[in-house]
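User: Hello! Could you take a close look at one part of this model for me, the place where two helices pack together, and tell me how that part sits within the rest of the chain?

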Amino acid sequence: MSIAFVFPGQGAQTIGMGRALAEAYPAARAVFDEVDAALGESLSDLIWEGDIETLTLTQNAQPALMATSMAAMRALEAEGIGVDRAAFVAGHSLGEYSALCAAGTLSIADAARLLRTRGKAMQEAVPVGIGAMAAVLGLDFEAVSAVAEEAAQGEVCQAANDNDPGQVVVSGHKAAVERACEIAKAKGAKRAMLLPVSAPFHCALMEPAASVMAEALGGVEMAAPAVTVVPNVRAEGCNEPAQLRDLLVEQVTGSVRWRESVAWMASQGVTEMWEIGAGKALSGMIRRIDREVATRAVGTPDDVVAARDA
């Protein structure tokens, strides 16, 4: 049996996530303490006792989800399951930073600061109301890419997230994204609906944020990963720190090739994928991509113990 560890992205956040892990495992608690220290504020208080609207702000959700994923990793390690149990690590959008942390390429403190910077830069790249994202259900990536191209009409409209065979997200100028929804429905999409997001992620409108991240990442030390990383924009393995750095910058404006990433890991012999952190959204996507790949969610102390005993 070959395992991959995968890490969730934005949208998985909930108030209280990771708290039971922190209470059960001192090493998990230490992750939240390290993130709080790196950011100079008590993000853990917001995660555990705050309001969901504030937690969902991109600049908060991104480091919070990484912290929760790394708390789960440290709990697994406390039970004798290290990252070396995995053949590959991968993450969905911001989850790639969690994957790089788990692989030892980034420190937790650096990842927290980078994700705070990334969240702010992505939010500030496009004024509120100018951009939008929409989920298209029932059409594949090629079909939605053609829809986005037709809808652009001189504006930005791109297929941003290739999540699974029947779920693709488009991103760009709001009017163009709205046109894409109507065109997609006319071409047979089951549903096409705007998403409640604060900015049009993973499209050309994020270019200002990519420039910010290039500068921020340039000042951070990145080590060789302990296990092979599967970056979003490449959808195949990479072990070179310099390339991984460049791919993080490219990811800001590039498509999240999640369907291809999962399929590539399966082609390399992965038979089980563990979703490390908050929620189970990736597990659902994985099952729709390849029914032969088993999934396991690891986000609570009970999940950690079940993984240890499996």
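**A helix pair and its surroundings**

Analyst: Happy to help! The protein chain has 14 helices and 9 strands; these are DSSP runs numbered from the N terminus, with helices being H or I of at least four residues and strands E of at least two. This is a predicted model, in which local features need pLDDT of at least 70 and side-chain atom pairs count only at pLDDT 80 or more, while totals for chains, interfaces and linings use all residues. Residues are numbered from 1 along each chain as its sequence is written, and side-chain values use heavy atoms, leaving out hydrogens and water.

Now to the pair itself. Helix α10 (residues 207–218) packs with helix α11 (residues 241–253) at an angle of about 160°, and their axes lie 8 Å apart. Axes here are lines fitted to C-alpha atoms, for helices over the stretch in contact, and angles run from 0 to 180 degrees between N-to-C directions. That angle makes α10 roughly antiparallel to α11 (the term applies over 145 degrees; under 35 counts as roughly parallel, 65 to 115 as roughly perpendicular and the rest as oblique). The two helices make a right-handed crossing, meaning that the near helix is turned clockwise from the far one by less than a right angle.

Which residues of α10 and α11 make the contact? From α10 come E207, A209, A210, M213, A214, L217 and G218, and from α11 come R245, L248, V249, V252 and T253; contact means heavy atoms within 4.5 Å. By class, this contact has 8 nonpolar, 2 polar and 2 charged residues. Ala, Val, Leu, Ile, Met, Phe, Trp, Tyr, Cys and Pro count as nonpolar, Asp, Glu, Lys and Arg as charged, and the others, Gly among them, as polar.

Another helix pair is worth setting beside this one. Helix α5 (residues 58–78) and helix α6 (residues 95–102) pack at about 35°, with axes 9 Å apart, and their crossing is right-handed. L65, M66, S69, M70 and M73 of α5 meet S98, C101 and A102 of α6. The contact of α5 with α6 has 6 nonpolar, 2 polar and no charged residues.

Elsewhere in the chain, an open sheet of 5 strands runs in the order β7-β2-β1-β8-β9 with parallel pairing, where two strands pair if DSSP finds at least two bridges between them. Its edge strands are β7 (228–229) and β9 (294–298), each pairing on one side only. Finally, the C-alpha trace of the whole chain spans about 55 × 45 × 35 Å along its principal axes.
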